[in-house]
Amino acid sequence: MSLRMWCGLLVGTLCLRLVLGWYLPVSPDEAYYWVWAHAPAAGYLDHPPMVALWIRAGCALFGDGGAGIRWIGTMASMFAIPFLAQAIRDFHAPFPEPSARGDDGGVIRGVALLQATLAMGVNAVVMTPDTPLLFFITVMLWAVGRLMATGHARWWLVCGAALGLAFDSKYTAVLPGAGIVAWLLLHGAGRAWLRRPAPWLGGIVALVAVSPVIWWNATHHWASLLRQGGRVGDWHAGRALGFLGELVGGQVGLATPGIFVMFIVGMMLVVRNARRVPAQGVLLWMMLVPMVVFAMHALGDRVQANWPVIVYPLLAVAAAQVTWAGWKPAVALGGVLCALVFVQAAFEPLPLSAHTDVMLRQVGGWPALAADVDGRAMPGDFVTACDYGTASELALYLPHRTVAGMEPRWTLFNLPHELRGQGLMLCNPRRVFDRRYFATVEAVGSLRRHGRIRDAETLDLYRVRMADPVPPDQPPGIAILSRAPMTGPQASPPQDMLQAAP
């Protein structure tokens, strides 16, 4: 296949992803990040703010829906390709053999392998913090490659800026950054750079870029950093083999089997060349540090399958030098698996239950569920839910009604926190909620969230009236998520209800 045909295939893939982003309902996490976008801050409990900034910009162009929420992320996945292509050329330029250099063949391999992974396929359609993270990590990789190929010190500044923006997307960006530090300290070529000001200036640029996130944490009791760091507190060493198996199995699935093998072989080649080729050395350390951290974490706790995707662009650069003829079938298999996931999400041709059909469980039936809740609510009723995802979906799809979230996580949001009157609450039967917020709670039935063919879940429906006042020993944990003014009995709320919390 010629380079022109590969470019045409990429453009076709971009168009298909844009259509899917417009067509598929928004997932609970995406709706949650959409709420972030309407409550601007330098940080949030779960992640840094970059995903919210991207969503806010996209919604300003295309409105509050799938297209607006996802558009920038989908375009960024395509804009990252030239950066990845140049990184492949630069990291493999020292090799004399054309088959190992970053020529057009190597570039096509590396780009195709990354784009065909299930991780990239999903993150190019569904907006998560991994979407901007992968983009900025690719830009950082490009800057490091330029540095290795040209020796120009200015690339340290670009590298620092890209790394800082990646950290502003997700905290795991610190891991490949730590890999660069390890290379500077442990590799001869790296130590030579430490005698020059450029790496130190790059570090200052990175610190400037992350300073708003650090400031937000410092002024919010370090809530976000402690939440992420606290994941190591629940330690189960006796389940290490199971957690390690899940880690490997998850990566086989997200990379797809053939591409996973290509990634492993590519990393082995980088290990072989790391001592004699500085570019391969820094690439190895950027991959090695995250992998070691995730493997160590798996010795006592579960590693979420999406965490290691941060190294996928690095692995694609490594795998670009693998000249096996099997790379094309590996890419084809990855593309087919990605297509099957989205066909299932859009049309549900396979008779899978919500337990096994992740896309049904995530995106199935939210607009219809919101309409059903709205039809059962009386004028002036608020609507709420006992989990953040359902509450965020209701806020997205019911912009004309007051929608509230009720969980401790909402305390830190720049949103109104006082709610009065009566309304409807949705709650999954497997969850419990704090009834002390309410003067009365009455079960009034259940609602089904239904995909195109099958049910995604059943939710209990309650009519509730807020306690007035809310017991003083309870944390606020309440936030008004909808942008609509209240009507009916709540038409004249207290003035402080209309203002964001400090």
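Which residue lies over the face of Y388? In this predicted model, the residue is R409, placed at 4.1 Å from the ring centre of Y388. A second arrangement of this kind involves R449, which lies over the face of W366 at 4.0 Å from the ring centre.

Aromatic pairs number 23 in total. In one of them, the rings of Y32 and Y388 have centres 4.4 Å apart and planes at 50°, an angle between 30 and 60 degrees, so the pair is classed as tilted. This pair joins distant parts of the chain, since Y32 belongs to helix 2 (residues 28–37) and Y388 to helix 20, with the two positions 356 residues apart in numbering. Y32 is buried, at a relative accessible area of 1%, whereas Y388 is partly exposed, at 23%. Both tyrosines are members of a cluster linked by ring pairs, which also takes in Y33, W36, Y44, W410 and F413.

Another aromatic pair is formed by F433 and F438. Its geometry is edge-to-face, with 6.1 Å from centre to centre and 75° between the planes. Both F433 and F438 are buried.

A charged residue was also examined in helix 20, which spans residues 388–397 and contains E393. E393 is buried but has no salt bridge. The nearest side chain of opposite charge is that of R449, 6.9 Å away, a distance beyond the 4 Å limit for a salt bridge. Leaving aside residues up to four places away in sequence, E393 touches V26, S27, P28, A31 and W366. W366 is also the residue whose ring face lies under R449.

Notes
Residues are numbered from 1 along each chain as its sequence is written. This is a predicted model: local features need pLDDT of at least 70, side-chain atom pairs count only at pLDDT 80 or more; totals for chains, interfaces and linings use all residues. Side-chain values use heavy atoms; hydrogens and water are left out. Helices (H or I, at least four residues) and strands (E, at least two) are DSSP runs, numbered from the N terminus. Buried means under 20% relative accessible area, exposed over 50%, partly exposed in between (1.4 Å probe, protein chains only). Lys and Arg count as positive and Asp and Glu as negative; His and the chain ends are not counted. Contact means heavy atoms within 4.5 Å. Rings of Phe, Tyr and Trp (its six-membered ring) pair if their centres lie within 6.5 Å; planes under 30 degrees apart count as stacked, over 60 as edge-to-face and the rest as tilted. A charge sits over a ring if NZ of Lys or CZ of Arg is within 6 Å of the ring centre and within 35 degrees of the ring normal.
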